[in-house]
Amino acid sequence: MANAARAIKADEEVSSEINYEAFVKMESFNQLVKKKNRFLFTTTFLFLVAYCLLPLLAFTDALQTKAVGNITWVWIYSLSLFLMTIILCTVYVKRAHKFDQEAAAVIAEYQQQKGGKQ
C-alpha cells in the first residue's frame with residue numbers, strides 16, 4: 001500500500017510532463033487497450049448472458065425437471081452461477097496482474113522514447 005502511495009505521488013510530480021497525445025499514438029499502448037477491452041467486454045458479455053438466462057429459463061420445463069433426487073436443474077444452474085463468479089474473479093485478478101505488467105512496459109517504452117528525444 002505504501003508503494004502504491006509513493007507511485008501515485010511520483011506520478012503526480014511527473015504528470016505535468018506527460019505528452020498524452022504521444023502516448024496515445026504509441027502502438028504498444030493501443031495494442032494493450034485493445035487486448036484489455038476485448039477481455040473485459042467478452043467476460044462481461046458472458047457473465048450477463050449467463051445471469052439473464054436464469055430468470056428466463058427458470059420457469060421452463062428445461063430447468064424444472066429433476067436432476068438428482070428432488071433437486072431440479074434450476075438449482076444446479078444457480079449454483080453454477082456462483083462458481084462462475086468465483087472463477088471469473090480469479091481469472092480477472094490474474095489477467096489484471098498481466099495487464100499491469102504490460103502497462104509498466106508501455107510506460108517504460110514511453111519514458112525511453114521521451115529520453116531519446118530530449
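The accessible surface of this protein adds up to about 9,400 Å², and carbon and sulfur atoms account for 67% of that area. Keep in mind that you're looking at a predicted model. Of the 118 residues in the chain, buried ones make up 15%.

How far can you trust the picture? The average pLDDT is 84, and 83% of the residues score at least 70. Confidence isn't even along the chain, though: helix α1 (residues 2-14) has the lowest mean, 54, while helix α3 (residues 27-57) has the highest, 93.

Now let's walk along the chain. You'll find five helices and two strands, and they come in the order α-α-α-α-β-β-α. What about contacts between parts of the sequence that are far apart? Take the contacts with a separation of 6 or more: 69% of them link residues 24 or more positions apart.

For an example of residues that meet across the sequence, go to M84, which sits in helix α5. Leaving out residues up to four places away in sequence, M84 touches F47, A50 and Y51. Pick out A50 from that group: M84 and A50 are 34 residues apart along the chain, but their C-alpha atoms are separated by 9.1 Å.

The other two partners of M84, F47 and Y51, deserve a look of their own. Both belong to helix α3, and they're four residues apart, which is about one turn of the helix. How exposed are they? F47 has a relative accessible area of 29%, so it counts as partly exposed, because that value falls between the 20% and 50% cut-offs. Y51, at 31%, is partly exposed for the same reason.

Aromatic rings turn up as pairs here, and the count comes to five. F47 and Y51 form a tilted pair, with 4.7 Å from centre to centre and 35° between the planes. Elsewhere, F23, F29 and Y110 form one aromatic cluster.

Finally, head back to helix α5, which covers residues 73-117 and includes L79. Is L79 buried or exposed? Its relative accessible area is 52%, and because exposed means over 50%, L79 counts as exposed. L79 also helps build a nonpolar patch on the surface, together with F82, L83, I86, I87 and V91. That patch is about 610 Å² in area.

Methods. Residues numbered from 1 in each chain as written. Predicted model: local features only at pLDDT ≥ 70, side-chain atom pairs only at ≥ 80, totals over all residues. Heavy atoms only, no water. Patch = residues over 30% accessible without salt bridge, like charges linked within 9 Å, V, L, I, M, F, W, Y side chains within 5 Å. Areas by Shrake-Rupley, 256 points an atom, 1.4 Å probe, with all protein chains shown as cover. Salt bridge = Lys/Arg side-chain N within 4 Å of Asp/Glu carboxyl O. Buried < 20%, exposed > 50% of the residue type's maximum accessible area, 1.4 Å probe, protein only. Contact = heavy atoms within 4.5 Å. pLDDT = per-residue confidence, 0-100. Phe/Tyr/Trp six-rings, centres within 6.5 Å; stacked < 30°, edge-to-face > 60°.
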